[in-house]
Amino acid sequence: MPYIEGFLAPVPTDNKDRYLDFTRRAAPLFKDIGVARMVECWGDDLMKGEHTDFYRAVDAKEGETVVFSWMEYPDKKTRDAAYEKMQNDPRFESLGEMPMDGKRMIFSGFQPIFDSAETLV
């Protein structure tokens, strides 16, 4: 079963085009290091929670949109190897500054336990 790495990040709303350009330039690099699928989602209908929500998770400020993204790898071993490659690949540095505050981005790896695409065929 694949391995998923999920991300939440606050992006200045005015940087949407810059963010998309950055993502498009980064995608081939991620593919080279083992990412099978990369999905970027621009926040559209985010609810404000009473105790927590996507905005609070990344300390989003006024004028920022929360982005939800994920990368799919063939397995965790490939993800772990990709992380090491990314740290040492100068092509990632050549992408320039991220169009967001990376210090407020959160990300983690997830082992899928159910996939409706596999069960509803």
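The chat below goes through strands, cores, a few single residues and a helix in a predicted model.

Colleague: What should I know before reading the values?

Modeller: This is a predicted model in which local features need pLDDT of at least 70 and side-chain atom pairs count only at pLDDT 80 or more, while totals for chains, interfaces and linings use all residues. Residues are numbered from 1 along each chain as its sequence is written, and side-chain values use heavy atoms, with hydrogens and water left out.

Colleague: OK, how many residues of strand S3 are buried?

Modeller: In S3, residues 64–73, 7 of the 10 residues are buried, so the strand is largely enclosed by the rest of the structure. Buried means under 20% relative accessible area, exposed over 50% and partly exposed in between, with a 1.4 Å probe and protein chains only; strands are DSSP runs of E with at least two residues, and helices are runs of H or I with at least four, numbered from the N terminus.

Colleague: And which strands pair with S3?

Modeller: Strand S1 (residues 3–12) runs antiparallel to S3 and is joined to it by 10 bridges, with Tyr-3 bridged to Tyr-73. Strand S2 (residues 37–42) also pairs with S3 in the antiparallel sense, over 6 bridges, and there Arg-37 has Glu-72 as its partner. Pairing requires that DSSP finds at least two bridges between the strands.

Colleague: Switching to cores, what is in the largest nonpolar one?

Modeller: It has 13 residues, and those with the most contacts inside it include Phe-30, Val-35, Met-71 and Tyr-73. A nonpolar core is a set of buried Ala, Val, Leu, Ile, Met, Phe, Trp, Tyr and Cys residues joined through side-chain atoms within 4.5 Å. S1, helix H1 (16–32) and S3 each supply at least two residues of this core, and H1 gives the most, with 4 residues.

Colleague: Is Asp-89 buried or exposed?

Modeller: Asp-89 has a relative accessible area of 14%, so it counts as buried. It is found in the loop between helix H3 (76–88) and helix H4 (90–93), and its side chain is joined to that of Arg-91 by a polar contact of 2.8 Å. A polar contact is a pair of N or O atoms within 3.5 Å; within protein, one must be able to donate a hydrogen and the other to accept it, and residues adjacent in sequence count only if both atoms are side-chain atoms.

Colleague: What caps the N-terminal end of H3?

Modeller: Asp-75 does, with a side-chain oxygen 3.3 Å from the backbone nitrogen of Lys-77.
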